[in-house]
Amino acid sequence: SDLDTITMVALLHIREWLPNYSFEKDFAFDCISGVTVGMMAIPQSISYASIAGLPAQYGLYSDLQIMYPIFGTSKYLVVGPVAVMSLMARVALERIDGLQEFSPEWIKL
């Protein structure tokens, strides 16, 4: 039905932009952009994990953007960890009595 089609397009935004994507014109630039952003995101994500009091791998996990190209709606939106949220998480966790940094309980919270 028309409603099912509208719902599918609304949820899977890749169906909207991919047919109009110019591989010849844009793909090389998108690859360069992806590598550049990746080179910046790796140390940034590790440092945000450190600010939050988490092991480095959790920062890297938080920066994986596998699903955003399929479901996302903005080509300009930056999705990932940010310093303020990392610091706020750490401050909140430090206020819990008896909770040790890097402990399994700390990481779960």
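The following questions and answers concern a pocket and a surface patch in a predicted model. In this model local features need pLDDT of at least 70 and side-chain atom pairs count only at pLDDT 80 or more, while totals for chains, interfaces and linings use all residues. Residues are numbered from 1 along each chain as its sequence is written, and side-chain values use heavy atoms, with hydrogens and water left out.

User: How many residues of each class are in the lining of the second largest pocket?
Analyst: A pocket is an open set of points on a 1 Å grid over the protein atoms alone, where a 1.4 Å probe fits, with protein on both sides within 12 Å along at least five of seven lines, and lining residues have an atom within 4 Å of a point. The second largest pocket holds about 240 Å³ of space, and A52, L54, M85, S86 and A89 are the closest to its centre among the 18 residues that line it. By class, the lining has 13 nonpolar, four polar and one charged residues.

User: Is L54 buried, partly exposed or exposed?
Analyst: L54 sits in the loop between helix 3 and helix 4, and its C-alpha is 8.1 Å from that of W106, although the two are 52 residues apart in sequence. Buried means under 20% relative accessible area and exposed over 50%, with partly exposed in between (1.4 Å probe, protein chains only). Because its relative accessibility is 23%, L54 counts as partly exposed.

User: What is the area of the nonpolar surface patch made by W17, L18, F23 and F27?
Analyst: Patches are made of residues with over 30% relative accessible area and no salt bridge, and nonpolar side chains are joined within 5 Å. F23, in helix 3, has a relative accessible area of 46%. Together with W17, L18 and F27, F23 makes a nonpolar surface patch of about 390 Å².

Conventions:
Points joined across faces, edges and corners; volume = space filled by probe spheres on them. Nonpolar A, V, L, I, M, F, W, Y, C, P; charged D, E, K, R; others polar. Patch = residues over 30% accessible without salt bridge, like charges linked within 9 Å, V, L, I, M, F, W, Y side chains within 5 Å. Areas by Shrake-Rupley, 256 points an atom, 1.4 Å probe, with all protein chains shown as cover. Salt bridge = Lys/Arg side-chain N within 4 Å of Asp/Glu carboxyl O. Helix = DSSP H or I, 4+ residues; strand = E, 2+ residues; numbered from the N terminus.
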